[in-house]
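Hi,

Here is the structure I promised to pass on. Have a look when you get a moment, and my notes are underneath.

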Amino acid sequence: MPDDRLTSLSVVLPCHDEEDNVEAAIREASAAAADAAVRHEVLVVDDGSTDATARLAAAVAADDARVRVLTHDANRGYGAALRTGIAAARCDWILLTDADLQFDLSELGRFVEPARHHDVVVGFRLVRMDPVVRRVNAYAWNRLVGAVFDLDVRDVDCAFKLLRRDLAQRLELTADGAMISTELIARARLAGASIAELGVRHRPRVAGVQSGADPAVVLRAFRELRRIRTQLDGPPAPAPRTSEPPRPAAA
């Protein structure tokens, strides 16, 4: 019988101080990827963690060749971590998700069928399991970026996105912070990508600390929103250069 799974899949897990979650996140990602794809890899991008995240991830990688750990020597931001993972991916498809265990990655199997007919499959949280203030802020942010970038995606920041690697790696992504999700969808649209949406379950965070409401994170998001909107109104921006390439973590 023909195998109806994806040919190959890279799961990108950006992490910052997720020592309580990272091992379980890798296990869940690997199990979900094995069910959804013939071949897979898990890319853990440690974004300058100050706890044991990198060490714990490296220990898992030492026992599983399908797991790779990429490290930033300093905290560069969520967008920078995703860009590192996208650039390092080797498989035909990329799943962008988080290491905070707030998504049930076993739902990835439902994304395979729409992926046969679309370049990007974007999840949206059916019920968002976050504090009220965070939900209100997210609603306002979605309305704002939807209007500014003319997007009709319901939950642009949902960390459950499946997309073709060849598309992802040719997008000129520049955001270092939370704007990366909006930029990715906006640039994919401009590139002519077909996008499908699928509802996913959302879990409450049980360990670690959310940083989305941090004033510095919010300020960076608004600065990048303005910059990226200006870029998209003008000629294409050059591919970003990183002053310090990521290095594999020691096993």
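Below is what I found, starting with one strand and moving on to the cores and a surface patch. Keep in mind that this is a predicted model.

Strand S4 (residues 93–97) first. Of its 5 residues, 5 are buried, so the strand is largely enclosed by the rest of the structure. Trp93, Leu95 and Thr97 point one way, while Ile94 and Leu96 point the other way. As for its neighbours, S4 runs parallel to strand S1 (residues 6–15), joined by 4 bridges, and Ser10 sits opposite Ile94. S4 also pairs with strand S6 (residues 160–164), this time antiparallel and over 5 bridges; there Trp93 has Arg164 as its bridge partner.

Now the cores. The largest nonpolar one has 39 residues, and Leu9, Val44, Phe160 and Leu162 have the most contacts inside it. Helix H1 (residues 22–36) supplies the largest share of this core, with 8 residues. There is also a second, separate core of 37 residues, which includes Leu151, Val153, Ala221 and Leu225.

Leu9 deserves a click: leaving aside residues up to four places away in sequence, its contacts include Trp93, Ile94 and Leu95, as well as Ala33, Leu108 and Leu162.

And the outside? Leu126, Val127 and Met129 make a nonpolar surface patch of about 290 Å². Val127 lies in the loop between strand S5 (120–125) and helix H5 (132–149). Its relative accessible area is 55%, so Val127 counts as exposed, the cut-off being over 50%.

Cheers

Notes:
Residues are numbered from 1 along each chain as its sequence is written. This is a predicted model: local features need pLDDT of at least 70, side-chain atom pairs count only at pLDDT 80 or more; totals for chains, interfaces and linings use all residues. Side-chain values use heavy atoms; hydrogens and water are left out. Buried means under 20% relative accessible area, exposed over 50%, partly exposed in between (1.4 Å probe, protein chains only). Helices (H or I, at least four residues) and strands (E, at least two) are DSSP runs, numbered from the N terminus. Two strands pair if DSSP finds at least two bridges between them. Patches are made of residues with over 30% relative accessible area and no salt bridge: like charges are joined within 9 Å, nonpolar side chains (Val, Leu, Ile, Met, Phe, Trp, Tyr) within 5 Å. Accessible areas come from the Shrake-Rupley method with a 1.4 Å probe; for residues, only the protein chains shown count as cover. A salt bridge is a side-chain nitrogen of Lys or Arg within 4 Å of a carboxyl oxygen of Asp or Glu. A nonpolar core is a set of buried Ala, Val, Leu, Ile, Met, Phe, Trp, Tyr and Cys residues joined through side-chain atoms within 4.5 Å. Contact means heavy atoms within 4.5 Å.
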